[in-house]
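User: I would like a close look at one part of this protein, followed by an account of how comparable parts are built. Please take your time and keep the reasoning explicit.

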Amino acid sequence: MRSLKNILPIVLKNSRFDVILSAAKNLSIKHEILRHFTPQNDNSFLFFSSLLVLFASFSNLSGQEQTYTTSDGVRFKVETVLSNLEIPWSIAFDKVGNLYFTERPGRLQVLKAGATQPTLIADLDQVRHRGEGGLMGLALHPEFESNGLLYVSYTFEDGGDIANRVVRYRLRNGALSDFKGIGPVLPGSSVHNGCRIKFGPDGKLYVTAGDAANRTIAQDRNSLGGKILRMNDDGSVPTDNPAAGSYIYALGFRNPQGIAWHPDAKLMFETEHGPSGFDGPGGGDEVNIVEAGKNYGWPAIHHREQREGMESPLLEYTPAIAPASAAFYSGKAFPRFKNNFFFGCLRGTRIQRIVLDPENPRSVLSEESLLPGDYRRIREVVVGPDGYIYFSTSNQDGRARPFDNDDRILRIVPVK
Ligand SMILES: [Ca+2]
């Protein structure tokens with residue numbers, strides 16, 4: 001149950017029915033509000049809803065947060081880790097539990113293990129934060145604890161052009177040094193910048209590149225837009241990539257925002273946004289299993305369309321839910337989540353949980369929506385070394401009404 005502390009200021013500051021109803025989403029009083037009042041600005045509504053919130057809160061004086069239960073009986077609650085952030089885009093943990101994160105305007109911060117407030121590492125002034133672009137991806141080198149190598153991806157102005165790139169720094173004593181561009185400069189735009197970066201189980205760096213709102217480049221093997229790229233940790237082309245001398249690992253993507261590997265099968269799962277009207281019929285958000293050299297169709301095929309030589313998605317969502325991340329569960333805190341696939345949804349305002357067949361990870365057994373609407377736009381989802389599921393909100397991006405303490409990084413923790 002959302003606490004009085006969170007709800008009451010919203011009730012007292014807003015006379016708008018939809019705002020109060022949204023704040024009261026998890027409370028049993030929501031039904032009471034709907035039963036007694038119709039959507040109009042009226043003082044009696046404000047007064048009575050305040051009383052109802054007070055009443056509901058008194059029944060929860062223990063201070064416990066709401067307990068949620070999944071369809072298969074897993075009980076959990078949500079804790080706030082950090083508040084008052086601005087579009088936290090990527091989260092990465094080191095092995096001792098320090099939580100590094102990017103904020104799209106350009107900040108790189110760390111929440112040290114055991115701390116309650118983050119420490120600013122850098123505010124990257126070369127980042128161009130406009131539209132959907134800005135400081136996005138973050139990855140720690142597999143040997144980060146010994147070499148301090150840290151990778152970020154961001155939008156910047158390359159001459160007169162908008163572009164994206166991956167860069168590497170060395171983090172030592174809390175400060176960045178040894179700047180190095182990693183791999184090629186990538187197409188950019190105010191939208192569809194890709195920019196998710198992660199090290200795969202093979203130790204290679206994978207980089208998602210969007211179509212930069214120029215859909216034809218996704219099928220053009222001479223462009224790096226609309227691709228998933230694979231590179232060595234120093235930015236060079238691996239000798240075992242699908243095509244000799246090329247960064248391209250797979251092609252035909254519109255705006256891939258999440259990649260993660262199945263812990264046992266080592267298959268790469270990817271989430272991406274489908275067309276949004278100007279470049280095709282709406283919806284068509286995708287989850288794909290991405291394999292070397294394959295073509296995922298954009299823009300030649302979309303939604304569930306099929307074509308020889310192209311891959312149709314494993315899962316497809318219409319209307320759009322705007323999947324924004326990808327994570328596999330491999331922690332100990334939630335045994336029932338083992339090898340489940342999770343991703344945050346912006347427009348879909350939830351975390352989607354995909355249960356795969358343990359005998360065949362290419363087969364979906366079931367899926368369910370967690371926390372629908374409760375935190376509005378959800379972007380990053382990451383499993384921490386403690387086994388808790390960390391996620392970020394994206395309500396300061398101009399596309400939602402933020403809660404008072406947005407944006408936030410939160411975590412899903414088990415309840416016995
Ligand atoms: Ca596709």
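Which residue in β21 does C345 stand opposite?

Analyst: In this predicted model, C345 stands opposite R350 of β21. The two strands concerned are β20, covering residues 341-345, and β21, covering residues 350-357, and they run antiparallel with five bridges joining them. They belong to an open sheet of four strands, ordered β19-β20-β21-β22 and paired in the antiparallel sense. At the edges of that sheet stand β19 (327-328) and β22 (360-370), and because each of these has a single partner strand, one side of each is left without a neighbour in the sheet.

For the setting, the protein chain holds five helices and 25 strands, and 44% of its 416 residues are buried. If one takes the contacts between residues at least 6 apart in sequence, 52% of them join residues at least 24 apart.

A useful companion to the sheet described above is strand β16. All five of its residues, 268-272, are buried, so the strand is largely enclosed by the rest of the structure. In a regular strand the side chains alternate between the two faces of the sheet. In β16, M268, E270 and E272 point one way while F269 and T271 point the other way, and each of these residues is buried; the burial therefore applies to both sets, as five of the five residues are buried.

The pairing of β16 can be followed strand by strand. With β15 (residues 256-261) it pairs in the antiparallel sense over five bridges, and within that pairing E270 of β16 is the bridge partner of I259. The hairpin formed by β15 and β16 has six residues between the strands, and K266 takes a positive phi there, near 60 degrees. With β17 (residues 285-290), β16 again runs antiparallel, joined by five bridges, and here F269 stands opposite I289 of β17. Thus E270, which points one way from β16, and F269, which points the other way, each have a named partner, I259 for E270 and I289 for F269.

Strand β8, which spans residues 149-158, is mostly covered, with seven of its 10 residues buried. It pairs with β7 (residues 135-140) in the antiparallel sense over four bridges, and with β9 (residues 161-172), also in the antiparallel sense, over 10 bridges. Y151 takes part in both pairings: it is the bridge partner of A139 in the one, and has R168 of β9 as its bridge partner in the other. Between β8 and β9 the hairpin has two residues, and G159 takes a positive phi near 65 degrees.

Finally, L120 offers a contrasting environment. This residue is found in strand β6, residues 119-123, and it counts as exposed because it has 11 C-beta neighbours inside 10 Å, where the limit for an exposed residue is 12 or fewer. When its neighbours within four places in sequence are left aside, L120 is in contact with R107 and Q109. Its C-alpha lies 9.9 Å from that of Y100, a residue 20 places away in sequence.

Technical notes. Residues numbered from 1 in each chain as written. Predicted model: local features only at pLDDT ≥ 70, side-chain atom pairs only at ≥ 80, totals over all residues. Buried ≥ 20, exposed ≤ 12 C-beta atoms within 10 Å, placed from the backbone. Pairing = 2+ DSSP bridges. Contact = placed C-beta atoms within 7 Å.
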